[in-house]
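Open the model in your viewer and keep the selection tool at hand. The tour moves from one selection to the next.

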Amino acid sequence: MEQAIAKVLESAARLGVELNESEASEWVAAMATEASGGDLGVDVNNGVYGHSVPMLDFQPTDLARFREMSKIVGFEDRPPRVLTALSISGSAAQSKINAFPADCDFFERVHIKADTRDDACAILADLIREKALATGSGPGYRLWEVKFGTHPVDAVKGGEPIKHGSSMSWTLDEVRAGELEVTVDGAARRYTWQDAALQPGWCKLDWLIADRTRGKLANASNVLDPTWEAPDGSITPLDGFLDPYFQEVYLEAESIPLFARLVKELSADSVDDYVDTLEHEVWKYTVKEPNFGKAARRMYNVFRMNGMYGEAAYIRELFDEPVTALYQVCALIRTLDDAASSGDVFDTGTMGSQVDGLIMEAIRALDGPDEIEMVGHLLKLRESLQAHESHDARSEEMSSIQAAALGAVNAYFERALRSVPEIAAYLEDIAKRAP
C-alpha cells in the first residue's frame with residue numbers, strides 16, 4: 001500500500017495537485033479498516049447513518065441545510081402503511097471531497113404495505129401527486145418536473161422523440177390536470193395519472209430552491225425507490241429494481257429499522273452489480289460520450305469498493321482543484337435559466353450574485369484567452385438575467401458557457417487520470433470492453 005501511495009504522490013506532483021501524504025495514508029488506512037469492520041456506519045452525535053464507505057466522505061457541517069431542504073423534498077411516514085427513509089446521495093453525500101457540488105441530490109426509500117401491487121401503486125401515485133401539488137410553488141422554491149410512469153410505446157412530446165420504456169415527464173400543470181398529451185404515429189394520445197401508476201418506473205421530483213444558507217439557487221431532486229410489502233411479508237420493488245446503498249447518507253436515525261429490513265432483500269451480488277453498473281458508465285463517459293469529470297466520479301466509487309484505495313485517494317484530491325469548480329457551471333447555468341423563466345419566485349439580485357460567483361471561479365480556474373472568453377459569456381448572461389430576457393435570447397450564451405466549461409473540465413480530468421499508470425491501465429481495460 002505504501003508503494004501505491006508513493007506512485008500516486010509522484011503523479012500528483014507532476015500535475016501540481018496538492019496531495020498531503022499523511023492525510024492520504026490516514027484516509028487509505030481508514031478505508032481498509034472500515035472495509036473489514038462492517039457495512040453500516042452510524043454517526044450517533046448527528047443522527048445520520050449509511051454504508052461505512054460513504055460515511056468516511058461525509059461531514060456534518062451542511063446537515064442543517066439538507067434537513068431544511070428535506071421539508072420540501074421529503075415524504076412523510078404514514079404508519080403503518082407507508083414508511084420512508086430519506087438520504088442525501090452522490091456529491092451531496094461526499095462533502096469532504098466535493099468542494100463544488102452542482103446539485104442537491106436526495107434519495108428516498110418509500111415502503112408501502114398493501115394487499116396487492118395495484119393497491120401499492122395507487123398509494124404511491126397519491127403520495128407523489130400530493131407532494132407535487134403541496135410543493136408546487138412557495139417562498140423560495142418551485143417544482144420543476146416530476147418523473148412518474150413509463151411510456152408504453154414510442155411517442156413525441158413537445159417536438160422531442162420519446163422511446164418506449166422511458167419515463168413519463170410531467171409539468172406541474174400536467175400533474176394538476178391529471179393527464180399529459182403526446183403524439184403517437186401522428187395522432188394525439190392522452191395518458192392519465194392513473195395510467196402512469198400501472199408502471200411507475202423511475203420516480204423522481206425536481207425543484208428549484210433558494211438555498212438561503214449559501215445565498216444561491218440550487219436544483220434539488222429526490223429519486224424514489226418504492227417497494228411493496230405484501231400481506232405474506234414478501235417485498236417487491238415497484239420500479240423493478242431494489243437500489244443498493246453504497247453512496248447515500250441517511251438523515252434520520254429513526255429510519256434504521258426500515259433500512260435494515262430492505263437491505264436484507266439485496267442479493268449477495270449487490271456489490272458486484274453496483275461496480276458493474278458504474279464501470280459501464282465509466283466506459284460510456286470515456287469512450288462513447290467523453291466526459292472525464294463524470295467518469296472520475298464513478299471511478300472514485302469503483303476504486304473505493306474494489307480496494308484500489310491509493311488510486312481513490314488520488315481522485316479524491318482532484319475534486320478540490322480550482323478547475324473542477326467549472327464542473328458545476330453547466331448545472332448552475334441551467335438552474336439560473338430555469339429560475340429566470342419561472343416568474344417572480346426568485347430574486348434577480350440573487351441570480352446576478354450567483355453569476356458573479358461563477359465569474360470569480362472562472363478567473364481562478366482559467367488563463368489567457370479561455371478566461372477572457374468565459375468571463376465575457378458570463379457577463380452577457382448576467383445582463384440577460386437582469387433584463388428579464390427570454391430563454392431564447394440567452395440560449396447562445398448558455399451553450400457557449402457550457403461548452404467551454406465542459407471542455408476545460410474534460411481536458412483536466414483526462415490528463416490527470418491518465419497520468420497515473422494504474423489508472424491509465426484501468427481505462428485501457430475499460431475501453432476494450434463491449435458496451
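Leaving aside neighbours within four places in sequence, which residues is leucine 417 in contact with? Select leucine 417 and look around it: the partners are Phe292, Ala296, Met299, Ile315, Leu318, Ile423, Ala424 and Leu427. Bear in mind that this is a predicted model.

**Stop 1: the core around leucine 417**

Widen the selection to the largest nonpolar core, which has 69 residues. Leu417 is among the members that touch the most other members, together with Met299, Ile315, Leu326, Leu378 and Ile423. Colour this core by helix: H15 gives the largest share, 9 residues. Apart from this core lies another one, of 54 residues. To find that other core, pick Leu86, Phe148, Leu224 and Leu251, which are among its members. In soluble globular proteins, nonpolar side chains tend to be buried together.

**Stop 2: H11 against H15**

Now show helix H11, residues 309–318, and helix H15, residues 391–418. How do their axes cross? They come within 11 Å and cross at roughly 155°. An angle over 145 degrees counts as roughly antiparallel, so H11 and H15 are roughly antiparallel to each other. Their crossing is right-handed. Add side chains for the contact: H11 brings Tyr314, Ile315 and Leu318, while H15 brings Tyr412, Phe413, Ala416 and Leu417. By class, the contact has 7 nonpolar residues, no polar ones and no charged ones.

**Stop 3: alanine 424**

Go on to alanine 424, in helix H16, residues 421–432. Is alanine 424 buried or exposed? Its relative accessible area is 15%. The cut-off for buried is under 20%, so alanine 424 is buried. Not counting residues up to four places away in sequence, alanine 424 touches Leu417 and Arg418. Leu417 is where the tour began, and its own contacts include Ala424. Next, draw a C-alpha to C-alpha distance from alanine 424 to glutamate 414: the two are 9.6 Å apart in space and 10 residues apart in sequence.

**Stop 4: glycine 41**

Finish at glycine 41, in strand E1, residues 40–43. Glycine 41 is buried too, with a relative accessible area of 13%. Which residues does glycine 41 touch, not counting those up to four places away in sequence? Select Val48, Tyr49, Gly50, His51, Ser52 and Met55. Then draw one more C-alpha to C-alpha distance, to methionine 55: it is 6.5 Å, across 14 residues of sequence.

Technical notes:
Residues are numbered from 1 along each chain as its sequence is written. This is a predicted model: local features need pLDDT of at least 70, side-chain atom pairs count only at pLDDT 80 or more; totals for chains, interfaces and linings use all residues. Side-chain values use heavy atoms; hydrogens and water are left out. Helices (H or I, at least four residues) and strands (E, at least two) are DSSP runs, numbered from the N terminus. Buried means under 20% relative accessible area, exposed over 50%, partly exposed in between (1.4 Å probe, protein chains only). Contact means heavy atoms within 4.5 Å. Axes are lines fitted to C-alpha atoms, for helices over the stretch in contact, and angles run from 0 to 180 degrees between N-to-C directions. Angles under 35 degrees count as roughly parallel, over 145 as roughly antiparallel, 65 to 115 as roughly perpendicular and the rest as oblique. A crossing is left-handed if the near helix is turned anticlockwise from the far one by less than a right angle, and right-handed if clockwise. Ala, Val, Leu, Ile, Met, Phe, Trp, Tyr, Cys and Pro count as nonpolar, Asp, Glu, Lys and Arg as charged, and the others, Gly among them, as polar. A nonpolar core is a set of buried Ala, Val, Leu, Ile, Met, Phe, Trp, Tyr and Cys residues joined through side-chain atoms within 4.5 Å.
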